[in-house]
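Q: Could you walk me through this model? I would like to take it piece by piece, with room for follow-ups.

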Amino acid sequence: MSLVKKFATVGGATLGSRVFGFVRETFMAAALGTGPVADAFNTAFRLPNTFRRLFAEGAFNAAFVPLFAKEIEARGMEGARRFSEEVFGVLFTVLLLLTIAMELAMPFIVRELIAPGFADDPAKFASTVTFATIMFPYLACMSLAAMMAGMLNSLHRYFAAAIAPVFLNVILIGVLAYAWYSGQDAVAVGYGISWGVMAAGLVQLAIVWLAVRNAGIKIGVRRPRLTANVRRLLVLALPAAITGGITQINLLINTNLASAQEGAVSSLVYADRIYQLPLGVVGIAVATVLLPELSRALRGGNLNEAANLQNRSVEFTLFLTLPAAAALLVMSEPIVRLLFERGKFSPEATVVVGHILAIYGLGLPAFVLIKAFIPGFFAREDTRTPMIFAAISVVVNVSLAITLFPSLGASGIATAEIVAGWVNTLLLFATLLWRGHWGRDIPLLTRLPRLVIAAAIMAGALHYAIQWLAFPLSAAAPLALRAATVCGLVAAAMAIYFALAFSLGGASLGMIRRSLKRKSAPATDPAAGEGPDLP
């Protein structure tokens, strides 16, 4: 299976999840707007999400995938199974103890760490504590699911792990639809979606567990023991966990600051939901596929292949991300108005969220490139360098957020986030270049400026089209007309960008054809004598 086809497998499943996510947020915006219950739920959900990203996306994607792949190569599937059981026993124990401790300390955590601004509103504070208490076990489910997703990715089975998050959105859509149909008040809606998050964690864990069993690995429960393999995992995972922890502390600080302004937390969340579509579909797909592919190439001593994988990944991400960033920058307000402005989501909220979304558009290429650069470190078992750079970016973010929030509100926090993202991106790229881990690639260097020009021209055309179509994009126009106009603008923008990209030489049919045909050798199981089936 070619690299681009693997990206498409993960990206397509992620796209499905993001589309359902939009539907979910549309229901939430109508039911809760940017009011106190919305702030309480979004703040409470930030807590298990923070630890999920710390335990799962940071530490395990960085450390577990390369070590699991090594076990397959050295000892076959049986050795990989034993290693997985050892890790599962330790991880389950740690998560159980953490969950118990956090549940008991939840009032203190909300009051002192996450949302001190809620302390003056007893109802909002009580709702936040209750919602967080209900949802926190979601962390354990998702961290165990992330471990199994890492196993599936190492076996080149990407679809199940990518499609599982869809069920969070499906369940929450069902809860919100029922709440709307039955006329529940905002607090009842908050309770319903909190329990929905918990149920979704169990469903997602069940999906990847079944997929791992179908892949031929049955994980049993073992007493937690610090074996040599587990100690090696911890040595590699600790810097990665600190990296993830620094980043998540960054987000918690932003939430802490935003809690001082009514509606700021929810405004950031709604804008983030839209900007996560291109980031998730492109960035997460590339990061998910690139790490095991790079690990395999470097283990085999194929340095040219590793360099080619990195260059083609960056080329692919920017080819799709630059037009998305340009579109978010110039048409953020019409998008927000179409998706969210109804029910309790006011026109004033549309302006605020649209401004934040435009700022996020400027940072989109940076956050996607981070996803493409970090596997170049993790595949070489270097988790320390990204940790240092993440710490630097957090200092930049916190300093700017504290400086800008009093005058710019939530937009100041968004500005701080994207500046910190670009700092992290430049540090990662410069280090890969300095170490000789990033080969000079003439096609990449010649295509990127042309892609930037194509995206800039597309943005200019969109800007003038939005002014000309002011009424069809306004709240006074019927919903069907607004939807048709936004979709028409998106289609026209895509046509302009791709036509320019190909005509200017930023992309070519031959490049795409070669990428689609290029194969990568699957990791083999010495015991079985053949590679695993591809999804």
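A: Before the details, a cut-off that we will need: a residue counts as buried when its relative accessible area is under 20%, as exposed when that area is over 50%, and as partly exposed in between. Please also keep in mind that this is a predicted model.

Q: Okay, so is Tyr 275 buried or exposed?
A: Tyr 275 has a relative accessibility of 5%, and because the cut-off for buried is under 20%, it counts as buried.

Q: Where does Tyr 275 lie, and which residues is it in contact with, leaving aside neighbours within four places in sequence?
A: Tyr 275 lies in helix α9, which covers residues 264-299, and, with neighbours within four places in sequence left aside, it is in contact with Leu 328, Leu 357, Tyr 360, Leu 364 and Phe 367. As for Leu 364, it is 89 residues from Tyr 275 in sequence, while the two C-alpha atoms are 7.5 Å apart in space.

Q: Leu 364 falls within helix α11, residues 347-378. Does the span of α11 agree or disagree with what 1.5 Å a residue gives?
A: It agrees, because the 32 residues of α11 should span 46 Å at 1.5 Å a residue and the end C-alpha atoms are 44 Å apart. There is nevertheless a kink of about 45° in α11, placed at Gly 363, shortly before the proline Pro 365.

Q: And how many residues of α11 are buried?
A: Helix α11 is mostly covered, with 25 of its 32 residues buried.

Q: Switching to α15, how far does that one reach?
A: Helix α15, residues 479-504, has 26 residues and reaches 37 Å from its first C-alpha to its last, which is close to the 38 Å expected at 1.5 Å a residue. What follows α15 is Gly 505, whose phi is positive, near 90°.

Q: Which residues of α15 are buried?
A: The buried residues of α15 are Arg 482, Thr 485, Val 486, Leu 489, Ala 493, Tyr 497, Leu 500 and Ala 501.

Q: Tyr 497 and Phe 498 form an aromatic pair, so what is the geometry?
A: The pair is edge-to-face, with 5.3 Å from centre to centre and 65° between the planes. Tyr 497 is buried at a relative accessible area of 1%, whereas Phe 498, at 26% relative accessibility, counts as partly exposed. Ring pairs also link Tyr 497 and Phe 498 with Phe 319 and Phe 502 into a cluster, and the count of aromatic pairs comes to 10.

Q: New topic: how many residues are in the largest nonpolar core?
A: That core has 140 residues, and those with the most contacts inside it are Phe 68 and Ile 274. Its largest share, 25 residues, comes from helix α2, residues 36-114. Not counting residues up to four places away in sequence, Phe 68 touches Ala 80, Phe 83, Ser 84, Met 151, Ser 154, Leu 155 and Ile 217.

Q: What about Thr 99, which is found in α2 too? Which residues does it touch?
A: Thr 99 is buried, with a relative accessible area of 12%, and it touches Phe 136, Pro 137 and Ala 140 when residues up to four places away in sequence are not counted.

Q: Last one, on the whole chain: how many helices and strands are there, and how much of the chain is buried?
A: The chain has 16 helices and 0 strands, and 57% of its 535 residues count as buried. Among contacts between residues at least 6 apart in sequence, 85% join residues at least 24 apart. The chain exposes about 21,400 Å², of which carbon and sulfur atoms supply 69%.

Conventions. Residues numbered from 1 in each chain as written. Predicted model: local features only at pLDDT ≥ 70, side-chain atom pairs only at ≥ 80, totals over all residues. Heavy atoms only, no water. Helix = DSSP H or I, 4+ residues; strand = E, 2+ residues; numbered from the N terminus. Expected span 1.5 Å × (residues − 1). Buried < 20%, exposed > 50% of the residue type's maximum accessible area, 1.4 Å probe, protein only. Bend = angle between axes of the 7 residues up to and from the residue. Core = buried A, V, L, I, M, F, W, Y, C linked by side-chain atoms within 4.5 Å. Contact = heavy atoms within 4.5 Å. Phe/Tyr/Trp six-rings, centres within 6.5 Å; stacked < 30°, edge-to-face > 60°. Areas by Shrake-Rupley, 256 points an atom, 1.4 Å probe, with all protein chains shown as cover.
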